[in-house]
Amino acid sequence: RSEFHSSRLLFSVKSNTEKQILCELRTQGIDGLDACSPNEVFRALECGFSPDQIHYTSSYLSELDIKQLSRFTGIHINADSLTMLRKLSFCSEVGIRVNTMNGISYNNQENLQCNCGGDSPAKMGIMIEDMDAACKIAKENGTSIVRLHVHFGNSYLSKDIDKFPAIVQTVQHALEICEGHGFDIREIDLGGGFGVPYQK
């Protein structure tokens with residue numbers, strides 16, 4: 001945290017949905033949670049988290065998902081695609097998940113990097129060449145883009161982060177595009193699965 005002027009640590013609900021764990025995290029004062037389904041949002045609320053402590057990022061939102069999410073004021077929703085962004089007109093503020101076309105994983109294992117149909121490892125999100133279109137859609141919705149999100153890795157350790165500079169460069173480019181459209185980006189969400197060293 002000392003590397004950042006202002007930072008928050010979020011716990012991924014999908015990594016452990018046990019109420020005892022989530023309640024203990026809330027008691028200990030964790031900054032917030034990352035959810036990827038309405039049920040995870042409901043579980044977080046049951047454990048005493050407020051909507052503004054929840055970040056929501058998911059692909060393939062159904063109409064029922066949208067209806068359920070629209071009930072809560074304050075949840076930080078990240079759009080994973082242009083289609084999803086169009087459906088978020090009920091949000092005054094949104095985040096954009098950026099596809100950095102780079103994946104980081106333990107020992108560079110591509111099966112942990114979510115190859116989404118291309119020739120190279122990639123994570124979900126809006127491609128950098130579609131960021132202009134995303135900004136235009138947000139304006140049509142009357143929605144402000146205030147956050148950029150990337151989910152670039154799984155189970156990586158310090159020795160595995162050689163692609164991190166390229167990821168940061170893509171995020172910087174996305175930031176410049178959004179600012180060029182008049183949006184004030186207040187937060188960068190560097191999502192990912194930090195690994196656990198099983199050997200010294």
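Helices (H or I, at least four residues) and strands (E, at least two) are DSSP runs, numbered from the N terminus, while axes are lines fitted to C-alpha atoms, for helices over the stretch in contact, with angles running from 0 to 180 degrees between N-to-C directions. The structure is a predicted model, in which local features need pLDDT of at least 70 and side-chain atom pairs count only at pLDDT 80 or more, whereas totals for chains, interfaces and linings use all residues. Residues are numbered from 1 along each chain as its sequence is written, and side-chain values use heavy atoms, with hydrogens and water left out.

**Helices H5 and H6**

Helix H5 (residues 131-141) and helix H6 (residues 164-180) have axes that come within 10 Å and cross at roughly 40°. The two helices are therefore oblique to each other, a term for angles that are not under 35 degrees (roughly parallel), over 145 (roughly antiparallel) or 65 to 115 (roughly perpendicular). Where the two helices make contact (heavy atoms within 4.5 Å), Met-131, Asp-132 and Cys-135 of H5 meet Ala-174, Ile-177 and Cys-178 of H6. The residues of this contact divide into five nonpolar, no polar and one charged, where Ala, Val, Leu, Ile, Met, Phe, Trp, Tyr, Cys and Pro count as nonpolar, Asp, Glu, Lys and Arg as charged, and the others, Gly among them, as polar.

Cys-135, in helix H5, is buried, with a relative accessible area of 0%; buried means under 20% relative accessible area, exposed over 50%, and partly exposed in between (1.4 Å probe, protein chains only). Leaving aside neighbours within four places in sequence, Cys-135 is in contact with Ile-145, Ile-177, Cys-178, His-181 and Phe-183. His-181 lies in the loop between H6 and strand E9 (187-194), and, not counting residues up to four places away in sequence, His-181 touches Asp-132, Cys-135, Lys-136 and Lys-139.

**Strands E2 and E3**

Strand E2 (residues 32-35) and E3 pair in the parallel sense over three bridges, pairing being assigned if DSSP finds at least two bridges between two strands. The bridge partner of Leu-33 in E3 is Ile-54. Both faces of strand E3 (residues 54-57) are covered, since Ile-54 and Tyr-56 on one side and His-55 and Thr-57 on the other are all buried.

Ile-30, in the loop between helix H1 (19-28) and E2, is buried, with a relative accessible area of 18%.

**Separations between C-alpha atoms**

| Pair | Along the chain | In space |
|---|---|---|
| Ile-30 and Ala-174 | 144 residues | 29 Å |
| Cys-135 and Leu-33 | 102 residues | 26 Å |
| His-181 and Asp-132 | 49 residues | 8.1 Å |
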